[in-house]
Amino acid sequence: MATDAPPPQGGTDTSPAQPTTESFVEVQESAEFGELRRTYRSFAFPLTVAFIAWYLLYVLLSNYAGGFMGTKLFGNINVALVFGLAQFATTFLIAWLYSRHAATKLDPKAEAIKSRMEDDA
């Protein structure tokens, strides 16, 4: 719903000052930002590769090892069902691990960079 009211007048802008493009480039080239990216990549890339490998193993076993995947463990529960449910468990585990990693390692570094940029702007 649009209104025809004019924008408010006066100095009511409470948003922080925006850094310049040069400031962003300078921070991007800094050692501190490089360390932040390395910290992120050292966690995210290996877990991504491991999860994709685990998922592809599940798919390949489902396609080419039907006998193994159909092996009953107890009742009507077979290996395929356990592996499939483990995919969900692995997803939630990785999300939880990343959340902890980000809170302890990434967020403090990113917040320091952000506050320094806002102070310099």
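These are short exchanges on aromatic pairs and a charged patch in a predicted model.

User: How many aromatic pairs are there by the rule used here?
Analyst: The count comes to four.

User: Why is the pair of Tyr40 and Tyr98 called edge-to-face?
Analyst: The ring centres are 6.4 Å apart, and pairing requires centres within 6.5 Å. The angle between the planes is 85°. Planes over 60 degrees apart count as edge-to-face, so the label applies.

User: What makes this pair tie together separate parts of the chain?
Analyst: Tyr40 sits in helix H2 (residues 31–64) and Tyr98 in helix H4, so the pair joins parts 58 residues apart in sequence.

User: Why is Tyr40 called partly exposed?
Analyst: Its relative accessible area is 36%. Buried means under 20% and exposed over 50%, so a value in between is partly exposed. Tyr98, at 33%, is partly exposed too.

User: How do you know that Phe68 and Phe83 form an edge-to-face pair?
Analyst: Their centres lie 6.3 Å apart, with 70° between the planes. The cut-offs are within 6.5 Å and over 60 degrees, so both conditions are met. Phe68 is in helix H3 (residues 66–69) and Phe83 in helix H4, 15 residues apart.

User: Which residues do ring pairs link into a cluster?
Analyst: Tyr40, Phe43 and Tyr98.

User: What makes the patch of Glu26, Glu29, Asp119 and Asp120 negative?
Analyst: Asp and Glu count as negative, so the patch takes that sign. Asp119, one of its members, lies in helix H4 (residues 79–120).

User: Why is Asp119 called exposed?
Analyst: Its relative accessible area is 64%. Exposed means over 50%, so the term fits.

Terms used: Residues numbered from 1 in each chain as written. Predicted model: local features only at pLDDT ≥ 70, side-chain atom pairs only at ≥ 80, totals over all residues. Heavy atoms only, no water. Patch = residues over 30% accessible without salt bridge, like charges linked within 9 Å, V, L, I, M, F, W, Y side chains within 5 Å. Areas by Shrake-Rupley, 256 points an atom, 1.4 Å probe, with all protein chains shown as cover. Salt bridge = Lys/Arg side-chain N within 4 Å of Asp/Glu carboxyl O. Charge placed at Lys NZ, Arg CZ, Asp CG, Glu CD. Helix = DSSP H or I, 4+ residues; strand = E, 2+ residues; numbered from the N terminus. Buried < 20%, exposed > 50% of the residue type's maximum accessible area, 1.4 Å probe, protein only. Phe/Tyr/Trp six-rings, centres within 6.5 Å; stacked < 30°, edge-to-face > 60°.
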